[in-house]
Amino acid sequence: MQKNNHSSSAHTKHFASPFVQHAVEYDRHMRDTGHYAAQKKTIRALELEMQGPVLDVACGTGRLLHFLRPDCPQLYANDQSAVMVKLCQKRNPSIPGTNKDAEKEGFYANKKFETIICCNFFYYLKNPTKTLKRWSRLL
């Protein structure tokens, strides 16, 4: 695996910037490419196993959380893009939203979750194995 020499903040800005610029078109893209349909199908298959509190690590505009909201009262939203978090909270005003770097040590360190969901985000991670180990400590 090639080592990435970018700083964490530069890496975050690199992958978050297209979403900041195109946040309004994000939902249309996700719908038109079938991403939302696939996510909905996956969530429906797993919903009996999901327990709260639930953290959506890369919430985007919050569409998935909006879909989960009736079944799971303890939802939390996070996204690398502050613009996406604002759009998520506009769609889901009762869901707490944060703009934290999901790869950093201390990400939600004082909170425990029963379920963590993450869609369309893993390929952006600099170190997926290390990040997933950190997230497992939140469960």
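The following exchange goes through several assignments made for this predicted model and the reasons behind them.

User: Why is C59 not counted as part of a disulfide?

Analyst: The closest cysteine sulfur to that of C59 belongs to C88 and lies 3.9 Å away, whereas a disulfide requires two cysteine sulfur atoms within 2.5 Å, so the pair is too far apart for a bond.

User: What makes C119 fail as a disulfide partner?

Analyst: The sulfur of C119 has its closest cysteine sulfur in C118, at 6.8 Å, which is too far for a bond. The structure as a whole holds 0 disulfides.

User: How do you know whether C59 and C119 are buried or exposed?

Analyst: C59 has 5% relative accessibility and therefore counts as buried, the limit being under 20%. C119, with a relative accessible area of 22%, is partly exposed, because that class runs between the buried limit of 20% and the exposed limit of 50%.

User: What makes the length of helix α2 agree with expectation?

Analyst: Helix α2, residues 35–46, has 12 residues and reaches 17 Å from its first C-alpha to its last, which is close to the 16 Å expected at 1.5 Å a residue.

User: Why are the buried residues of α2 said to lie on the same side?

Analyst: The buried residues of this helix are Y36, Q39 and I43. They cover an arc of only 60° around the axis, and this places them on the same side of α2. On the other side of α2, the residues A37, K41 and A45 are exposed. In general, an α-helix has 3.6 residues a turn, so residues three or four places apart point the same way.

User: What makes β3 and β4 edge strands?

Analyst: The open sheet has 4 strands in the order β3-β2-β1-β4, with parallel pairing, and β3 (97–98) and β4 (115–117) each pair on one side only. The parallel strands β2 and β3 are joined by 2 bridges, and at least two bridges are needed for strands to count as paired, so these two qualify. Within this part of the sheet, A77 stands opposite G97 in β3.

User: Which residues have the most contacts inside the largest nonpolar core, and which elements supply it?

Analyst: That core has 14 residues, and those with the most contacts inside it are I43, L65, L68, L75, A77 and I117. Both α3 (63–68) and β2 (75–78) supply at least two of its residues, with α3 giving the most, 4 residues. Leaving aside residues up to four places away in sequence, L68 touches I43, M50, L75 and I117. Another core, of 13 residues, lies apart from it and includes F113, L125, W135 and L138.

Terms used
Residues are numbered from 1 along each chain as its sequence is written. This is a predicted model: local features need pLDDT of at least 70, side-chain atom pairs count only at pLDDT 80 or more; totals for chains, interfaces and linings use all residues. Side-chain values use heavy atoms; hydrogens and water are left out. A nonpolar core is a set of buried Ala, Val, Leu, Ile, Met, Phe, Trp, Tyr and Cys residues joined through side-chain atoms within 4.5 Å. Buried means under 20% relative accessible area, exposed over 50%, partly exposed in between (1.4 Å probe, protein chains only). Contact means heavy atoms within 4.5 Å. The expected span of a helix is 1.5 Å times one less than its number of residues. The arc is that of the directions from the helix axis to the C-beta atoms.
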